[in-house]
Amino acid sequence: MTFTSAVDQDLDRLVGLGSEAVAVAHPNIALVKYWGKRDESLALPVTGSLSMTLDIYPTTTTVRLIDGPADVVELNGRIATGDAHTRVERFLDLVRAQAGRSEHALVVSVNTGPTGAGLASSASGFAALAIAAAGAYGLGADARALSRLARRGSGSASRSVFGGFVLWHAGEGEGEAGDLSSYAEPIGGEALDPALIVAVTDNQEKAVSSREAMRRTCATSPFYLPWAGDSALALDEMRKAIARQDLPAVGEIAERNALGMHASMLMARPPIRYLSPQSMAILDAVLALRAEGIAAYATIDAGPNVTVLCARADEERVAAALRAVGDFVDTRTAHLGPGATLVPGGDR
């Protein structure tokens, strides 16, 4: 099983395409988290991160060039306004500048997972938008450039350009040097082939966006810098654990890193609390599974929903234990998923 070539196979088709393009991308769950930017305008992270692209909750995005006075953005069947529209418009401005084009676009995006609930919907959304916009505007770009482009829309989208286990380099320096050196790439390790049980306890959009929570944590939490320093060490440990197919070590590192991130948010001023009583109940169930000898480990992005890493052989038992916590838990089982890709067909 390999996920390293999905984008590369599309590169030749990206060059010279125009008018319309359709792309599909999947969310990723970070095992070593991205939390904090050293440069807001270029979306350069404070630390590197490492994720697992999933095979569930894909986002499909169409970008069609139009003869009109402004961009039109439709998200999940509704015309986007306000900040949602502005983020897409600014991203398209970036693509237009790189491609030397000026046409506006109709963007139609459909996300099949919970949106804005801490399950990486922005990662799949902007990865799909980057691939589709590059195709529609005829922007010739290699895989690394596409990852850097997706990063400008949403940092974690740089990882969803690729499938499997993906490392996002923090990069070095500021400005152009930082931009060129901050990109994601697949690292192999597919032989580990774990399951990730997604325990959804709340699919509503969260009250505090990840972007605002990230800014506040970095600016005000006394726990942030210690967590960031530990995260750099965790990244090296995680790469080695994946390479030697050590699932318990992968899980222990991921759980520690996630809980540390949430602890730093709780110390922000004012505090940011994504963890709910339902989240804590899931964490208790994970501890109970480990007490029974099941290698299950939790990780939590910026939201209340918990994902649990385990061996494929244990996925049904783990999912059942999480559902047994209460009627408020809905589970989906994910495995290693593919990178973003263009969809064949359409007027291109």
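This is a guided tour of a predicted model, with a selection to make at each stop.

Residues are numbered from 1 along each chain as its sequence is written, and side-chain values use heavy atoms, with hydrogens and water left out. Because the model is predicted, local features need pLDDT of at least 70 and side-chain atom pairs count only at pLDDT 80 or more, while totals for chains, interfaces and linings use all residues.

**Strand β1**

Select residues 20-25, which form strand β1; helices (H or I, at least four residues) and strands (E, at least two) are DSSP runs, numbered from the N terminus. Of the 6 residues in β1, 6 are buried, where buried means under 20% relative accessible area, exposed over 50% and partly exposed in between (1.4 Å probe, protein chains only). Glu-20, Val-22 and Val-24 lie on one side of the strand, and Ala-21, Ala-23 and Ala-25 on the other.

Next, display the side chain of Glu-20, which has a relative accessible area of 12%. This side chain makes a polar contact of 2.6 Å with the side chain of Arg-64. A polar contact is a pair of N or O atoms within 3.5 Å; within protein, one must be able to donate a hydrogen and the other to accept it, and residues adjacent in sequence count only if both atoms are side-chain atoms.

Now add residues 59-66, strand β6, which runs antiparallel to β1 and is joined to it by 6 bridges. Two strands pair if DSSP finds at least two bridges between them. Ala-23 has Thr-61 as its bridge partner in β6. Add residues 341-342 as well: this is strand β16, paired with β1 in the antiparallel sense over 2 bridges. There, Thr-341 is the bridge partner of Val-24.

**The open sheet**

Which strands form the open sheet, and in what order? The sheet has 4 strands, ordered β2-β5-β10-β11, with antiparallel pairing. Strands β2 (28-32) and β11 (184-186) stand at the edges; each has a single partner strand, so one side of each is left without a neighbour in the sheet. To view an inner pairing, select β5 (residues 49-53) and β10 (residues 165-168), which share 4 bridges. Met-52 is matched with its bridge partner Phe-165 in β10.

**Helices α3 and α4**

Select residues 121-136 (α3) and 143-153 (α4), whose axes come within 8 Å and cross at roughly 125 degrees. Axes are lines fitted to C-alpha atoms, for helices over the stretch in contact, and angles run from 0 to 180 degrees between N-to-C directions. The two helices are therefore oblique to each other; angles under 35 degrees count as roughly parallel, over 145 as roughly antiparallel, 65 to 115 as roughly perpendicular and the rest as oblique. Residues in contact (heavy atoms within 4.5 Å) include Phe-126 and Ile-131 of α3 and Leu-146 and Leu-149 of α4.

**Two loops with a positive phi**

Most residues other than glycine have a negative phi, and most peptide bonds are trans. Select Tyr-57, in the loop between β5 and β6, where phi is positive at about 60 degrees. Tyr-57 is buried, with a relative accessible area of 10%. Then move to Gln-245, in the loop between α8 and α9, which also has a positive phi of about 60 degrees. Gln-245 is partly exposed, with a relative accessible area of 47%.

**A cis bond**

Finally, select Arg-269 and Pro-270, which are joined by a cis peptide bond with omega of about -10 degrees. Pro-270 is in the loop between α9 and α10 (277-291).
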